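New to this one? Have a look at the sequence and the 3D view below, and then we'll walk through what stands out.

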Amino acid sequence: MGLQDMFDKPCIPENKISDGTSTFWTSENEHLKTYLITWAVAGVCMILTLAVSVFTVIQHSRSYINRKEQRQIIRILYLPPVYSILSFLSYRYFLYYTYFELVKVVYEAVALSAFMLLLLEYAAAFTPSGNVQQIVARKDKGKLPPPWCCFRYRPTKAYFLHTIKWLVLQYVIIRPLVTIIAIICEAQGVLCESAGFNLRYASVYLSFIGTFSMLTAMYGLILFYLLTKKELENRRPLSKFLCIKLMVFLGIFQSFIFSSLEGHVIHETEYLTEANVANGLNAILTCVEMAIFSFLYWWAFPSVEYRTPGAKRLGVLRALADSINYLDFAHEIANSFRFFMAYFRGDVRAHGHGHLPRNPSGRRNQPKTYIEQAYNLDERNQHHVTPSTENLMETLNERRDV
């Protein structure tokens with residue numbers, strides 16, 4: 001098949017059944033029996049996922065003493081049941097499979113952003129002032145992870161931490177927008193996921209934007225983890241990150257596999273198209289996987305570390321209310337947006353220890369802006385000139401020891 005033939009591939013309807021009154025639901029046929037059995041299996045797995053996830057959430061809610069950390073954990077714990085419920089519904093109401101899948105990936109963006117904020121809270125707990133920028137300011141410059149390993153980063157720059165946060169938080173903005181556009185396109189019949197890389201339909205463009213946004217968020221999480229893994233090693237961030245990463249990439253991988261098998265191993269039936277069969281297999285497998293992941297999340301995000309005798313608990317209802325209140329997301333996004341606006345306006349504090357213009361004599365009008373001023377770690381020393389970055393690092397280390 002040539003390139004032109006691939007682009008001209010027609011949009012094949014994903015469904016043979018136009019509505020729920022089809023004889024598929026009323027006749028005694030082997031396809032319906034098989035469908036009901038597999039649907040029951042998916043339902044059992046969904047119930048198991050809900051039971052384990054609710055148990056884990058209630059454990060955290062009853063030990064809700066650290067609002068900033070545990071609200072993010074509870075949001076992450078919602079991911080397996082959300083995946084399971086939507087996959088179960090997409091199998092039962094397979095005519096609307098695309099809509100359920102589009103909604104599912106929106107919460108994936110929420111969970112990834114919540115995990116980023118959780119890592120920030122973990123890192124901030126290692127500083128006396130609770131400011132994660134103090135940890136970042138002490139890091140040496142290094143090479144970026146692959147595939148951008150030919151570039152170097154400087155954690156001492158004021159924009160560095162904001163950039164990492166924005167790499168992740170952009171996903172919680174872009175993914176819902178892509179989903180809304182995709183739902184509209186599907187309703188109008190111009191999404192057409194079955195057409196593959198046909199540039200005449202919206203699916204190829206929206207898939208590229210959504211995938212690129214997701215990979216960017218993952219890259220930001222990896223970069224921050226590599227930068228702070230020494231400080232976070234006692235909080236087991238790797239096991240938490242792997243649980244989320246495996247869920248996301250496993251879903252993408254198995255969707256690709258089932259789509260590749262259409263027309264080769266997977267064939268249409270009297271009532272179902274190849275896409276229906278592939279989507280159904282993907283939905284069932286997801287329900288089974290979420291039952292396993294619910295136990296992994298219970299292990300990776302234990303509530304026992306928050307069970308402090310005598311500590312003030314905020315209550316179950318407060319914990320659940322905080323978990324669905326996303327004002328902290330909006331606050332972080334707004335802060336980063338304001339910072340980059342200041343950066344592009346040329347605010348020297350937003351540029352970290354960048355240099356100011358030289359005067360005609362060749363000397364600088366003012367000394368190099370040092371990291372501590374840019375991060376506002378000590379406002380008493382805002383007019384102090386630090387001779388070198390090394391001296392500043394020693395000063396920060398002394399403060400930490402005290």
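## The overall picture

In the protein chain, 74% of the contacts with a separation of 6 or more are made by residues 24 or more positions apart. Keep in mind that this is a predicted model.

The secondary structure here comes to 15 helices and two strands. The protein chain has 402 residues, and 47% of them count as buried. As for the outside, the chain exposes about 21200 Å², with carbon and sulfur atoms supplying 63% of that area.

## Salt bridges

How many salt bridges does a search of the whole structure find? The search turns up eight.

Let's start with D328. This residue forms a salt bridge with R71, where the closest N and O atoms are 3.9 Å apart. The two sit in distant parts of the chain: D328 belongs to helix α13 (residues 327–345) and R71 to helix α3 (residues 67–77), with their positions 257 residues apart. D328 also meets R75 in a salt bridge, at 2.9 Å from N to O. That pair again links distant parts of the chain, joining helix α13 to helix α3 across 253 residues.

What about burial? D328 has a relative accessible area of 16%, and since buried means under 20%, D328 is therefore buried. R71 counts as buried too, at 9% relative accessibility, and R75 is also buried.

Another salt bridge pairs E101 with K104, and here the closest N and O atoms are 3.1 Å apart. E101 and K104 are three residues apart in helix α5 (residues 97–124), so about one helical turn separates them. Both E101 and K104 are buried. Elsewhere, salt bridges link R67, R318 and D322 in a network.

## Patches on the surface

Now for the outside. A nonpolar patch on the surface is formed by I37, V41, F55, V288, I292, L296, W298 and W299, which together have about 760 Å² of accessible area. Two elements give two or more residues to this patch, namely α2 (30–62) and α11 (274–300). Which element gives the most to the nonpolar patch? That's α11, with five residues. One of the patch members, W298, lies in helix α11 and is partly exposed, with a relative accessible area of 42%.

There's a charged patch as well: K141, K143, R152 and R154 gather on the surface as a patch of positive charge. R152 is found in strand β2, which covers residues 152–153.

## Two buried residues to look up

Try finding H162 in helix α7 (residues 159–169). Is H162 buried or exposed? With a relative accessible area of 10%, H162 is buried. Leaving out residues up to four places away in sequence, H162 touches Q133, N335, S336, F339 and F340.

Y225 is another one to look up, and you'll find Y225 in helix α9 (residues 203–232). Y225 is buried, at a relative accessible area of 17%. Setting aside residues up to four places away in sequence, Y225 touches P237 and L238. Measuring C-alpha to C-alpha, Y225 and L238 are 8.1 Å apart in space, and they are 13 residues apart in sequence.

Technical notes. Residues numbered from 1 in each chain as written. Predicted model: local features only at pLDDT ≥ 70, side-chain atom pairs only at ≥ 80, totals over all residues. Heavy atoms only, no water. Patch = residues over 30% accessible without salt bridge, like charges linked within 9 Å, V, L, I, M, F, W, Y side chains within 5 Å. Areas by Shrake-Rupley, 256 points an atom, 1.4 Å probe, with all protein chains shown as cover. Salt bridge = Lys/Arg side-chain N within 4 Å of Asp/Glu carboxyl O. Lys, Arg positive; Asp, Glu negative; His and termini not counted. Charge placed at Lys NZ, Arg CZ, Asp CG, Glu CD. Helix = DSSP H or I, 4+ residues; strand = E, 2+ residues; numbered from the N terminus. Buried < 20%, exposed > 50% of the residue type's maximum accessible area, 1.4 Å probe, protein only. Contact = heavy atoms within 4.5 Å.
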